[in-house]
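Please read the following with the sequence and the coordinates side by side, going from one site to the next. The account moves from helix packing to the ligand and then to two points in the backbone.

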Amino acid sequence: MTDFTYAVDADGVATITWDAAAKSMNVMSLEGFAALDAHIGAALADPAVKGVIITSAKKDFAGGMDLNVIATMREGGAQAIFDGVMQMHGVLRRIERAGMDPKTLKGAKPIVAALPGTALGIGLELPLACHRILAADNPKAKIGLPEIMVGIFPGAGGTTRLTRKLGAMMAAPFLLEGRLSDPKAAKAAGLIDEVVAPADLLARAKEWVLSAKETDLVKPWDAKGYKMPGGAPYSPQGFMTFVGASAMVNGKTQGVFPAAKALLSAVYEGALVPFDTALRIEARHFTSVLMNPSATAMIRSLFINKEALEKGANRPKVADQTVRKLGVIGAGMMGAGIAYVSANAGIEVVLIDSTPEAADRGRAHSESLLDKGVKRGKVTAERKAEVLGRITAATDYAALAGCDLIVEAVFEDPKVKAEVTAKAEAAAGPDCIFATNTSTLPITALAATSEHPDQFIGIHFFSPVDKMNLVEIIRGKATGERAVAKALDFVRQIRKTPIVVNDARFFYANRCIIPYINEGIRMVAEGVEPALVENAAKLVGMPLGPLQLVDETSIDLGVRIAKATRAAMGNAYPDGAVDAVIFRMADLGRLGRKVNAGFYAYDETGSRLGLWEGLAREWPKRGARPDLAQVQNRLLMAQVLEAVRALEEGVLTDIREGDVGAILGWGFAPWSGGPFGWLDILGAARAVEICEGLEAAFGPRFAAPRLLRDMAADGRSFYGPATRRAA
Ligand code: NAD
């Protein structure tokens, strides 16, 4: 069964229709490419064919390359990838030249891409090789090149063509940030040529094919005297662009994302040479990125496994649990956010707080987010009214009647939570699933206050709820399968990514973040320069240094958690050195960003000015400056060893969740694919060696867990042999 069909009508217009078998979305496979090539060959060879329309039988054009194909290509090594990519270039170049005489640029047949909907990755690279791109006026369609988001870059000519079409500066947001546009915005940006009414798409495509002039079929870069829009690198204008782009990319990525650097190199080097050479250069950089273990790791975590988790890879086999009516108790920062994302996803929400003012304030949070959307033209007035209409603010628990899921986000106090649980359960009826958004209290203990512990579960959101895409679902000891399925179905409804973990102190995400923050603070106490700590973190791909992170989450929260942990652990409590610093910061009133004073200094508008000068007085520099790599290893191992321990202890049951959760939850060095991805890139033996060095220097918190030692001894990796081979 081929993914492309071919038909020629009475007017001599051939239509190549993409319709991948047994898939809801077209994705390009190697066989697909071969079939497309064969049809193009047939159309160009047939004198009765005047031109070609390439379109899709599905509602969308294409979602991109089948990433499993990329994984397979990698198995053959660099030469195989390069050859495979050059073959794709050959097919697309054949479409672009469409049989023209290379000297006279005459004799080509018009080839038009007609996109009914979404066109991503190769789904746009193929149209970019055509002579004209038409898109149906479908506001839901997304058009763009999102490859950079999963650690690669457009490698089927998209990089070279878009740069030559728009100029490096204008192409930058699409290539470097993976910006996606609806058809109208894509037309405005020059990505595509025409937006037409959906019903007219094919008719208009045919009309264009039959009326195209010979000059319409010559790409600007194939025509004589082509000049790159915005200037080639060695023109005054181009110079500014390329110098600026290089600085911007390095500033944003700190050099840790191989794809961004390779993309920029392909754009720059490609701009200096003729088009076909530029394609070769693009292919070489693309090959080097695919050979880099970071690409394997990012594709695995940010695409394949993320999607698998969203589709319910770990969902118990229980009947559909789609949420119809949601109760949210506590309309503070978290509750208000949960109400908003749920109403936005079409769920009816009752939002309860203890006073009408507090409940209304919670609802007003949605209003202000929607207003922002209206201002930016993203939300219509009707949509705003519709979403707000789904949120009922109340104080009376009776309003919870008929809810099939309740999420409580009241104060972090077991007594308050117990009271709320009892009242809510009484109001909602016996089948309702009850969830707590606690960030620190054990779920099993909270469930003990419930009438139905098997219907009690943790659903842990991250702040701010509307921006953070991870949701950590926590099973208490008694939590039943239906509660897990309910939580997963809810997370799917609100289009976030779930991980399911077992109950243990700080669950998974916070358990790993706290040691990261603590390690940074320990270094300050040891007399390591704070700037080194912060920069080391960023240079290894963490979005925020540990000191900035603690400023954001607030130092008093750190103090509260430290006190509670100390009380729970008694003499075994290991973090006295950290507490000395944060308690002192709290005494100084430097509670973090919320008071414009913390490890960083801020101006009165809340903008960060730089590290607080007083740190050098309070914790003066001592000893020799440590090696950058050692500081980075301390910061990463502090998190990663917790992840491994969570796996050993059965808190995590799936390394995919550990990796996806780490990247989405706290931005763990995305280039590495997550903590387990990072360990695989290092190799277990090297990881154990690093741990031994750190343990000797800094103590038992760095002792390599048994699992890692066993893996080192047996030469195993977390994800199996493919990862090591790629590395
Ligand atoms: P918050 O103080 O902003 O909001 C709590 C709300 O609960 C307040 O509006 C309060 O009036 C209301 N409330 C208190 N007792 C109530 C009762 N008996 N009945 C009804 N309403 C009551 O707190 P928050 O930051 O939104 O945190 C709420 C929960 O979410 C806590 O358990 C916290 O640990 C957890 N959490 C917080 C974050 C975060 O970053 N803030 C992240 C994840 C989880």
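At roughly what angle do the axes of helix α26 and helix α27 cross, and within what distance do they come? In this predicted model, the axes of α26, which spans residues 655-666, and α27, which spans residues 675-682, come within 7 Å and cross at roughly 105°. Angles of 65 to 115 degrees count as roughly perpendicular, and α26 is therefore roughly perpendicular to α27. On the side of α26 the contact is made by I655, G658, D659 and A662, and these meet P675, F676 and G677 of α27. Sorted by class, the residues of this contact comprise four nonpolar, two polar and one charged.

A second pair of helices can be read in the same manner. Helix α25, residues 628-648, and helix α29, residues 706-714, have axes that come within 9 Å and cross at roughly 95°, so that α25 and α29 are likewise roughly perpendicular to each other. Here L641, V644, L647 and E648 of α25 make the contact with R706, L707 and L708 of α29. The class count for the contact of α25 with α29 is five nonpolar and two charged residues, with no polar ones.

The third pair involves helix α5, residues 158-166, and helix α11, residues 275-291, whose axes come within 9 Å and cross at roughly 135°. This angle lies outside the range of 65 to 115 degrees and is not over 145, and α5 and α11 are therefore oblique to each other. From α5, the residues G158, T159, T160, R161 and R164 take part, while α11 contributes F275, A278, L279 and E282. In this contact of α5 with α11 the classes are evenly represented, with three nonpolar, three polar and three charged residues.

From the helices we turn to the ligand. How many residues surround the ligand, and which are the closest? The ligand is surrounded by 22 residues, of which M334, D353, E412, K417 and S439 are the closest. A polar side-chain atom of E412 lies 2.5 Å from an oxygen atom of the ligand, and for K417 a polar side-chain atom is found 2.7 Å from a ligand oxygen atom. M333 takes part through its backbone, with a polar backbone atom 3.0 Å from an oxygen atom of the ligand. On its own the ligand has 830 Å² of accessible area, and the protein covers 77% of this.

Which elements give two or more residues to the shell around the ligand? They are α13, residues 333-344, α16, residues 414-428, and β17, residues 456-461, and among these α16 gives the most, with three residues. By class, the shell around the ligand holds eleven nonpolar, eight polar and three charged residues.

Strand β17 also leads to a feature of the backbone, since the loop between β17 and β18, the latter spanning residues 470-475, contains P464. The peptide bond from S463 to P464 is cis, with omega near -5°. A further backbone feature is found at A22, in the loop between β2, residues 13-18, and β3, residues 27-28. Phi of A22 is near 60°, which is a positive value in a residue other than glycine.

Conventions. Residues are numbered from 1 along each chain as its sequence is written. This is a predicted model: local features need pLDDT of at least 70, side-chain atom pairs count only at pLDDT 80 or more; totals for chains, interfaces and linings use all residues. Side-chain values use heavy atoms; hydrogens and water are left out. Axes are lines fitted to C-alpha atoms, for helices over the stretch in contact, and angles run from 0 to 180 degrees between N-to-C directions. Helices (H or I, at least four residues) and strands (E, at least two) are DSSP runs, numbered from the N terminus. Angles under 35 degrees count as roughly parallel, over 145 as roughly antiparallel, 65 to 115 as roughly perpendicular and the rest as oblique. Contact means heavy atoms within 4.5 Å. Ala, Val, Leu, Ile, Met, Phe, Trp, Tyr, Cys and Pro count as nonpolar, Asp, Glu, Lys and Arg as charged, and the others, Gly among them, as polar. A residue is near a molecule or strand if one of its heavy atoms lies within 4 Å of it. A polar contact is a pair of N or O atoms within 3.5 Å; within protein, one must be able to donate a hydrogen and the other to accept it, and residues adjacent in sequence count only if both atoms are side-chain atoms. Accessible areas come from the Shrake-Rupley method with a 1.4 Å probe; for residues, only the protein chains shown count as cover.
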